[in-house]
Amino acid sequence: MKQLLKFSALAVAGALALTACGGNTPAPTDPGDSSKPADTGAAADPASLKTTISVLAPSYAESSKADWDAVIAKFRETYTNVEVNLQIEGWDDFSSKVQARIQAGDLPDILNDNNFASAAEGKLLYPINEVLSAETLASIEPALLKNGLGVDGVQWAAPDIATSRLMAYNTDLFEAAGIADPPKTWAELEDAAAKISALGSDTYGYGLPLGREEAQVESSLWLWGAGGDWAVDGTLTANQPNAVKAFAEMKKLIDAGSTQPDVGSTNRQQAADLFNNGKLGMMMSHSGLLSVTRKDFPDTKFALAPVPSESGDPVALGVTDFIIAFNNQDADRKAATAALLDVLYSDEMYEGWYKGTGLLPVTSSMIEKGAAEAGDDAPFYDALGFVSFLPVGNPAWDSLQAALQGTAGTLQSDTPENVLAAIQAQVDATS
């Protein structure tokens with residue numbers, strides 16, 4: 001799961017141009033009613049189904065090709081006359097490989113990627129309910145499945161793997177500051193951060209990274225904690241009452257001296273460095289960062305809790321990658337695609353496949369099993385049931401994300417109202 005990559009407008013336009021010229025790329029399709037699974041065609045007699053389909057997927061780890069090969073081999077035990085062409089590419093140039101195939105009209109039947117918005121907007125996809133059976137759709141955690149909804153309400157994608165982000169807190173600093181339990185509300189967070197900062201020795205209560213790398217993530221966690229979302233009446237909006245409330249709460253921590261210095265230039269890794277060295281009481285973090293803490297900083301003891309909110313309701317960030325299916329206007333290829341995806345998401349094959357990525361599962365059965373086996377990391381699995389997502393399915397998110405990354409950090413020296421007005425002005429200028 002890497003930084004968000006987009007299908008370029010040129011690639012989608014090229015694919016549509018090929019349609020007009022009679023190439024292999026399909027004509028735009030009417031998604032129809034996406035509220036229920038459609039007939040995938042997977043019930044076709046496996047012995048009589050003869051076709052070739054292709055899979056384009058990224059390399060999550062050295063085992064990625066072998067993991068896909070295992071799924072394909074299982075599929076071909078039943079669908080003996082279906083050939084599957086597998087293409088595995090590194091993340092560094094994955095977007096260019098996808099775009100090259102779109103421009104050539106050689107659409108993969110199955111694409112594993114971290115974005116779907118542009119392809120859906122270009123009418124290049126099947127709604128995913130047309131190529132996943134009702135049973136498979138029902139097996140995916142609902143809170144994660146909704147991340148594959150487009151702005152048009154169509155379920156264009158299904159998650160394949162996930163991560164969650166929670167609050168990590170230093171248990172030794174909590175004990176030293178006399179704090180019994182992790183905070184659930186903003187008021188409790190303010191109190192805990194102030195007590196830890198008062199310990200002195202360059203120790204800070206809360207790590208607030210508003211640098212360019214992840215200001216959009218930190219801002220979103222506080223917005224959700226205020227009970228809001230970036231979408232207001234269907235439009236992504238920065239300058240809104242809930243955002244003002246969220247930024248005002250961050251500002252309160254800054255002004256109280258409860259955060260690290262220079263929050264506007266701090267990125268997540270810099271906050272993690274403070275945390276790893278026992279100088280930070282709390283920060284929003286993920287399993288990748290904390291695995292480094294456990295391995296390289298064994299003296300730093302910590303635990304996990306949901307992100308606090310104004311009301312006390314738990315907050316967590318979720319991130320997923322996706323499975324999408326390109327519409328190649330071929331009934332046999334569609335049936336074979338549907339059958340292969342059902343094999344992928346089956347408990348028998350999915351467990352080994354998702355573990356090969358080093359990330360978290362998306363099916364309810366594997367989340368439950370993973371949580372039981374995860375030990376101290378179990379809260380990351382539990383959070384998959386209540387995570388919120390960045391609006392990556394909305395093409396307007398690129399502009400809002402860039403504005404947040406470039407401007408949210410000025411909160412250190414400016415008012416919430418001014419900062420959000422400046423962010424909104426940048427979004428409006430690129431609309």
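These are my notes from a first look through this structure, starting with confidence and ending with the holes in it.

**Confidence.** I began by reminding myself that this is a predicted model. The average pLDDT for the protein is 90, and 90% of the residues reach at least 70. Then I looked for a weak stretch and found one: residues 2-36 have pLDDT below 50. That stretch still has 79 contacts in the model beyond near neighbours in sequence. I'm noting those contacts with the low score beside them.

**Overall make-up.** I looked up the secondary structure next and got 18 helices and eleven strands. The protein has 431 residues, and 54% of them count as buried. For the accessible surface I have about 17100 Å², with 50% of that belonging to carbon and sulfur atoms. I also checked how far apart in sequence the contacting residues sit. Taking contacts between residues at least 6 apart, 78% join residues at least 24 apart.

**Helix 9.** How many residues of helix 9 are buried? I went through residues 215-225 and counted eleven of eleven, so to speak a full row. The buried list includes Trp222 and Trp224, and also Gln216 and Glu218. Ser219 and Ser220 are on the list too. Just past the end of helix 9 I stopped at glycine 227, where phi is positive at about 90°.

**The second largest pocket.** I put its volume down as about 420 Å³. Which residues come closest to its centre? I wrote down Lys146, Asp229, Phe389, Leu390 and Pro391, out of 19 residues that line this pocket. Sorting the lining by type gave me eleven nonpolar, six polar and two charged residues.

**The cavity.** I then turned to enclosed space, and the count is one cavity of 30 Å³ or more. The largest cavity holds about 40 Å³ of space. Which elements give two or more residues to its lining? They are helix 2 (64-78) and helix 14 (347-357). The lining residues I listed are Pro58, Tyr60, Ser64, Asp67, Trp68, Trp353, Gly356 and Thr357. By type, the lining of this cavity comes to four nonpolar, three polar and one charged.

**To revisit.** When I come back, I'll open the view at helix 9, with its eleven buried residues, and then go to Lys146 and Asp229, which are among the residues closest to the centre of the second largest pocket.

Notes. Residues are numbered from 1 along each chain as its sequence is written. This is a predicted model: local features need pLDDT of at least 70, side-chain atom pairs count only at pLDDT 80 or more; totals for chains, interfaces and linings use all residues. Side-chain values use heavy atoms; hydrogens and water are left out. pLDDT is the predictor's confidence in each residue, from 0 to 100. Contact means heavy atoms within 4.5 Å. On a 1 Å grid over the protein atoms alone, a cavity is a set of points where a 1.4 Å probe fits but cannot get out, and a pocket is an open set with protein on both sides within 12 Å along at least five of seven lines; lining residues have an atom within 4 Å of a point. Grid points are joined across faces, edges and corners, and a volume is the space filled by probe spheres set on the points. Ala, Val, Leu, Ile, Met, Phe, Trp, Tyr, Cys and Pro count as nonpolar, Asp, Glu, Lys and Arg as charged, and the others, Gly among them, as polar. Helices (H or I, at least four residues) and strands (E, at least two) are DSSP runs, numbered from the N terminus. Buried means under 20% relative accessible area, exposed over 50%, partly exposed in between (1.4 Å probe, protein chains only). Accessible areas come from the Shrake-Rupley method with a 1.4 Å probe; for residues, only the protein chains shown count as cover.
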